[in-house]
Amino acid sequence: MIALQGISKSFKVAKRSAGLRQAVKSLFVREHTIVEALHGISFSIQEGEIVGYIGPNGAGKSTTIKVMSGILMPDQGTCSIMGYTPWKDRTAYVKHIGVVFGQRSQLWWDVPVIDSFELLRDIYKIPAAEYKANLQLLTESLGLQELLRTPVRQLSLGQRMRCEIAASLLHGPKILFLDEPTIGLDAVSKIAVRQFIKTINKEKGVTVILTTHDMNDIEALADRILMIGKGTLLYDGTLSELRSRFGTHRIITADFCEHAQPVDIPGAFRLSWSPERAVFSVDIEQEQIATIISRLSEQVALLDVSVETKPVEELIVQLYKEYQV
Ligand SMILES: Nc1ncnc2c1ncn2[C@@H]1O[C@H](COP(=O)(O)OP(=O)(O)OP(=O)(O)O)[C@@H](O)[C@H]1O
């Protein structure tokens, strides 16, 4: 459904040093630097996938989304989405995609939300019956009833984001590009947005590509992760593959029956120790969890023990470090 091959994109950025003298100089002599935002990006995505597109700040995520949604033309490479070249066949192409940029609004600021929706209906030439059905479904599933008559500028961030997502889906696109859809949302709104993304993917078969810095989004949604750093694709795989490749550590938390003095357990790294509780990190490639627990129970009376994998967030940080991005 989506195939990118060798996509590169550079930006020419005016360089200016600080100070009045340099400001005056720059009026006459302009110096530029080239920022290479994307460097030979290739991947393909099948219909029905939910793909998390991750990477540190400035990695090139938004630039890729802009290329895929036809807003930017790359310097090199090919991009075929549902048979279209996004930046060439824009008018026909945009009918098949929905785009949400978490940091920007596609809604008209001063008018009620429903007015923006009606404008989009006219722009996309959505047939009346289809518009009515989609609006009803989106209103119900995103809880928009109370918001439709409110001017966008009066909405909270979470309320606006729900309206943005609805706006991007009114024309029933097959692909949804979400650039940081949960940025700034509270925990309840985040869960609601994630739930909704899951539902449209399952029930309507919408293919979803989302960029995010929130690894809980990735954990909750993404079947597959594409990781980009400094404009280059660094990882393409599932979260569980990532876990088994990099997440060989487990965190053991032990609660004691009575206060205990710190002890060293061979094969485990002690992360913390308080009179009632200790936390260890264990590399399961080196030592078995059961062995560590048995060694620990020989030293202290255990009330409770829990074993957790390293949080995804930490795995990603480890991955960024490994690739030096
Ligand atoms: N219009 C532009 N003009 C000049 N440079 C740009 C432009 N857009 C992006 N860049 C540069 O391209 C690089 C990639 O930016 P991009 O916005 O794609 O990163 P990102 O991965 O989305 O980052 P973030 O997580 O911070 O949103 C950055 O170095 C950025 O400064």
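This report walks through the predicted model shown above, from the whole chain down to a few single residues.

## Getting your bearings

Residues are counted from 1 along each chain, following the sequence as written. Since the model is predicted, local features need pLDDT of at least 70 and side-chain atom pairs count only at pLDDT 80 or more, while totals for chains, interfaces and linings use all residues.

The chain has 11 helices and 13 strands; these are DSSP runs numbered from the N terminus, with helices being H or I over at least four residues and strands E over at least two. Its C-alpha trace spans about 75 × 55 × 45 Å along the principal axes. Of the 325 residues, 32% are buried. Here "buried" takes 20 or more other C-beta atoms within 10 Å of a residue's own, "exposed" means 12 or fewer, and "partly exposed" is in between, with C-beta atoms placed from the backbone. Look at contacts between residues at least 6 apart in sequence, and 71% of them join residues at least 24 apart. A contact means that the two C-beta atoms, placed from the backbone, lie within 7 Å.

## A three-strand sheet and its helix

Three strands make an open sheet in the order 2-1-4, with antiparallel pairing (strands pair if DSSP finds at least two bridges between them). Strand 2 (31-45) and strand 4 (76-81) are the edges, each pairing on one side only. From one strand to the next, the twist averages 30 degrees.

Strand 1 (residues 2-15) pairs with strand 2 over 11 bridges, and Ser10 sits opposite Glu36 in strand 2. Helix 2 (residues 61-68) lies across strands 1, 2 and 4, at about 65 degrees to strand 2. For such angles, axes are lines fitted to C-alpha atoms, for helices over the stretch in contact, and the angle runs from 0 to 180 degrees between N-to-C directions.

## Around the ligand

The same elements turn up again at the ligand: strand 1, strand 2 and helix 2 each supply at least two residues of its shell. Helix 2 gives the most, with three.

Among the surrounding residues are Phe11, Val35, Gly58, Lys61 and Thr63; a residue is near the ligand if its C-beta atom, placed from the backbone, lies within 6 Å of it. The shell divides into five nonpolar, six polar and one charged residue. In that split, Ala, Val, Leu, Ile, Met, Phe, Trp, Tyr, Cys and Pro count as nonpolar, Asp, Glu, Lys and Arg as charged, and the others, Gly among them, as polar.

## Two nonpolar cores

The largest nonpolar core has 62 residues, and Ala166, Leu170, Phe177 and Val208 touch the most other members. Helix 6 (residues 157-169) gives the most to this core, with six residues. A core is a set of buried Ala, Val, Leu, Ile, Met, Phe, Trp, Tyr and Cys residues joined through C-beta atoms within 7 Å.

Not counting residues up to four places away in sequence, Leu170 touches several residues, including Phe117, Ile126, Tyr131 and Leu138. There's also a second, separate core of nine residues, including Ala254, Ile265, Ile292 and Leu296.

## A hairpin and Ala278

Strands 11 and 12 form a hairpin with three residues between them. Four bridges join this antiparallel pair, and Ser272 stands opposite Val279 in strand 12. Strand 11 (residues 269-273) is hardly covered, with zero buried residues among its five.

Ala278 belongs to strand 12 (residues 277-283). Ala278 counts as buried because 24 other C-beta atoms lie within 10 Å. Leaving aside neighbours within four places in sequence, Ala278 is in contact with Ala254, Arg270, Ser272 and Trp273.
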